[in-house]
Amino acid sequence: AIMYHTKGIEKDINIEKIVNQCRTEVYDGIKTSDVSRSIIMVVRSMIEKDMAYSRLGARLLINELNREAIGLEQIDYEKLDEQYRNAFETNIKKAVEIKKLDEKMLSFDFKKLSKALEPERDDLFQYLGAETLNERYIIKDPSTKQTLETLQYFWMRVAMGVALNEKRKEARAIEFYEMISTFRFVPSTPTLFHSGMPRAQLSSCYLNIVEDDLDHIFKVYGDIAQLSKWAGGIGT
């Protein structure tokens with residue numbers, strides 16, 4: 001796995017050192033998933049030595065996300081591209097079923113959108129960016145803990161949510177996806193959190209004014225509490 005993911009950075013990576021360190025991390029009866037996580041943690045600890053380890057760590061982590069989103073039992077590396085694109089629609093439907101996404105998200109033409117996915121853009125990520133999206137942003141099934149989004153699924157889901165009210169929504173979603181998946185523009189946190197979700201609060205910041213009136217002061221407290229709950233920044 002390590003050698004496969006070192007393409008282009010072989011000269012900057014000490015595979016022997018990684019393997020030796022991994023040997024000290026494993027134990028009898030360790031799960032395969034824990035072995036993969038141990039390798040990622042070992043590589044992460046070496047980032048301070050060379051940024052090539054950041055690229056390697058990102059590749060290893062993203063590979064795990066992709067495998068989990070497709071399904072560890074279903075994955076077939078000879079049909080990986082086809083499975084990757086098919087799982088996009090499957091996982092959107094599952095996210096709707098468990099109330100993570102709005103039912104309106106099912107109104108898109110998934111063949112057009114899945115064809116537009118560009119998995120190779122995952123390589124734009126360094127480790128910290130990939131891990132931040134994994135820990136805070138991408139959709140997971142709360143009951144099974146399964147990851148439902150790859151990083152490219154995530155970008156497309158955000159683009160779909162933003163495009164929901166557009167007349168040519170598939171074309172617009174792909175246009176938005178092209179912009180954000182290449183890092184030319186990345187929306188702020190509320191948009192990334194909530195795009196396509198039942199409560200699609202996409203705005204970043206709110207300004208309000210408090211009148212010199214006791215009732216209004218406490219009304220604004222309530223307003224601020226609701227805005228803060230759904231990730232809005234407040235200026236009063």
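Buried means under 20% relative accessible area. I applied that cut-off to this predicted model, and 42% of the 236 residues of the protein chain count as buried.

**Entry 1: the chain overall**

I recorded the secondary structure of the protein chain as 10 helices and 2 strands. Read from the N terminus on, the order of elements is α-α-α-α-α-α-α-α-α-β-α-β. I then took the extent of the C-alpha trace, which spans about 70 × 40 × 35 Å along its principal axes. For the accessible surface of the protein chain I noted about 13900 Å², with 52% of it belonging to carbon and sulfur atoms. I also looked up the sequence separation of contacts: among those between residues at least 6 apart in sequence, 66% join residues at least 24 apart.

**Entry 2: helix 3 against helix 4**

Two packed helices are described by the angle between their axes and the distance between the axes. I looked up both values for helix 3 (residues 52-70) and helix 4, which pack at an angle of about 65° with axes 9 Å apart. I noted the crossing of this pair as left-handed. On the helix 3 side I listed Asn66, Ala69 and Ile70, which meet Leu80, Gln83, Tyr84, Ala87 and Asn91 in helix 4. By class, I entered 5 nonpolar, 3 polar and no charged residues for this contact.

**Entry 3: helix 4 against helix 7**

I next asked how helix 4 (residues 80-97) lies against helix 7 (residues 151-163). Their axes come within 11 Å and cross at roughly 50°, and the two helices are therefore oblique to each other. I recorded a right-handed crossing for helix 4 and helix 7. From helix 4, the residues Gln83, Tyr84, Arg85, Ala87, Phe88, Asn91 and Ile92 meet Gln152, Tyr153, Met156, Arg157 and Met160 of helix 7. My class tally for the contact of helix 4 with helix 7 reads 7 nonpolar, 3 polar and 2 charged residues.

**Entry 4: Gly232**

I located Gly232 in the loop between helix 10 (214-229) and strand 2 (233-235). Is Gly232 buried or exposed? Its relative accessibility is 11%, so I entered Gly232 as buried. Setting aside residues up to four places away in sequence, I found that Gly232 touches Gln201, Ser203, Ser204, Tyr206 and Leu227. I also looked up the separation of Gly232 from Ile180, 52 residues apart along the chain, and noted 21 Å between their C-alpha atoms.

Definitions and conventions
Residues are numbered from 1 along each chain as its sequence is written. This is a predicted model: local features need pLDDT of at least 70, side-chain atom pairs count only at pLDDT 80 or more; totals for chains, interfaces and linings use all residues. Side-chain values use heavy atoms; hydrogens and water are left out. Axes are lines fitted to C-alpha atoms, for helices over the stretch in contact, and angles run from 0 to 180 degrees between N-to-C directions. Helices (H or I, at least four residues) and strands (E, at least two) are DSSP runs, numbered from the N terminus. Angles under 35 degrees count as roughly parallel, over 145 as roughly antiparallel, 65 to 115 as roughly perpendicular and the rest as oblique. A crossing is left-handed if the near helix is turned anticlockwise from the far one by less than a right angle, and right-handed if clockwise. Contact means heavy atoms within 4.5 Å. Ala, Val, Leu, Ile, Met, Phe, Trp, Tyr, Cys and Pro count as nonpolar, Asp, Glu, Lys and Arg as charged, and the others, Gly among them, as polar. Buried means under 20% relative accessible area, exposed over 50%, partly exposed in between (1.4 Å probe, protein chains only). Accessible areas come from the Shrake-Rupley method with a 1.4 Å probe; for residues, only the protein chains shown count as cover.
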